[in-house]
Amino acid sequence: MHTRTARLRELPLLQEIERAAGAPFRELGMTEIAEDEPPTLAELAVHQRAGLAWVAADDRDRPVAYLVAAPVDGGLHIEQVSVHPSRARRGLGRSLIEHLAGHAAAGGYAALTLTTFADVPWNAPYYARCGFTALAEEELTPGLRAIVRRERAAGLGRWPRVCMRRSM
């Protein structure tokens, strides 16, 4: 496996990875999340064109995991990191996060941030193991507050969520 920049022609593959990665949510009774549509090709293209979309590729150079990020309040916010379930538990998500951390440090960003489900084992507990800490409401920056509002408006507030940060 190797990490590299996502290619524009691969964006439909990222959607396939996202759909497959959502399936395990069904087992937790989170059917709406399991059936949620992935980011659109246009949304993914914004990240790709900004140089903020990476993939973990297999030995045939086919993406099996991806991460997209965006600048938010002096940091890089992980918009999505997904690993195809057939490749889960091999360190690919962590590898992508570490790649982003290197990119952030080189670019002078202060932190990595993300929002995630608090009680899903492969969400907040996993990110804590990757060095992220949960932020209290009063610690949220204006950009993170806006992200939380958008997520709640999209219905994600049905399940406990948390904002997390990892300093550079």
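Thr 116 counts as buried, because its relative accessibility is 4%. The model described here is predicted. Thr 116 belongs to strand 5, and this briefing sets that residue beside His 77 of strand 4, the packing of helix 1 against helix 3, the buried residues of helix 6, and two loop residues with positive phi, Asp 61 and Arg 89.

**Buried strand residues**

- Beyond its neighbours within four places in sequence, Thr 116 is in contact with Asn 123, Ala 124, Tyr 127, Pro 160, Arg 161, Val 162 and Met 164.
- Thr 116 and Gln 80 are 36 residues apart along the chain, and their C-alpha atoms are separated by 9.6 Å.
- His 77 lies in strand 4, which comprises residues 75-83.
- The relative accessibility of His 77 is 1%, so this residue counts as buried.
- With neighbours within four places in sequence left aside, the contacts of His 77 include Val 68, Ala 69, Ala 70 and Val 72. Thr 113, Leu 114 and Thr 115 also touch His 77, as do Leu 144 and Ile 147.

**Helix 1 and its packing against helix 3**

- Helix 1 has twelve residues and should span 16 Å at 1.5 Å a residue; its end C-alpha atoms lie 17 Å apart, which agrees.
- The buried residues of helix 1 are Leu 11, Leu 13, Leu 14, Gln 15, Ile 17, Glu 18, Ala 21 and Gly 22.
- These buried residues pack against helix 2 (31-34), helix 3, strand 2 (53-57), strand 3 and strand 4.
- Leu 13, a residue of helix 1, touches Arg 62 and Pro 63, not counting residues up to four places away in sequence.
- Leu 13 and Tyr 66 are separated by 53 residues in sequence and by 9.6 Å in space, C-alpha to C-alpha.
- The axes of helix 1 (residues 11-22) and helix 3 (residues 41-49) come within 10 Å and cross at roughly 115°. Helix 1 is therefore roughly perpendicular to helix 3.
- The crossing of helix 1 past helix 3 is right-handed.
- On the helix 1 side, the contact is formed by Leu 11, Pro 12, Leu 14 and Gln 15, which meet Leu 41, Leu 44, Ala 45 and Gln 48 of helix 3. The residues of this contact comprise six nonpolar, two polar and no charged.

**Helix 6**

- Helix 6 (residues 142-153) has twelve residues, for which 1.5 Å a residue gives an expected span of 16 Å; the distance of 17 Å between its end C-alpha atoms agrees.
- Gly 143, Leu 144, Ala 146, Ile 147, Val 148 and Glu 151 are the buried residues of helix 6.
- Strand 3 (63-72), strand 4, strand 5 (111-117) and strand 7 (161-167) are the elements against which the buried residues of helix 6 pack.
- Two of these buried residues, Leu 144 and Ile 147, are among the contacts of His 77.
- Gly 155 follows helix 6 and has a positive phi, near 95°.

**Loop residues with positive phi**

- Most residues other than glycine have a negative phi.
- Asp 61, in the loop between strand 2 and strand 3, has a positive phi near 65°.
- Asp 61 is partly exposed, because its relative accessible area is 26%.
- Arg 89, in the loop between strand 4 and helix 4 (92-106), has a positive phi near 65°.
- Arg 89 counts as exposed, because its relative accessibility is 87%.

Note on methods: Residues numbered from 1 in each chain as written. Predicted model: local features only at pLDDT ≥ 70, side-chain atom pairs only at ≥ 80, totals over all residues. Heavy atoms only, no water. Helix = DSSP H or I, 4+ residues; strand = E, 2+ residues; numbered from the N terminus. Buried < 20%, exposed > 50% of the residue type's maximum accessible area, 1.4 Å probe, protein only. Contact = heavy atoms within 4.5 Å. Axes fitted to C-alpha atoms, helices over the stretch in contact; angles between N-to-C directions. Parallel < 35°, antiparallel > 145°, perpendicular 65-115°, else oblique. Left-handed = near helix turned anticlockwise from the far one by under 90°. Nonpolar A, V, L, I, M, F, W, Y, C, P; charged D, E, K, R; others polar. Expected span 1.5 Å × (residues − 1).
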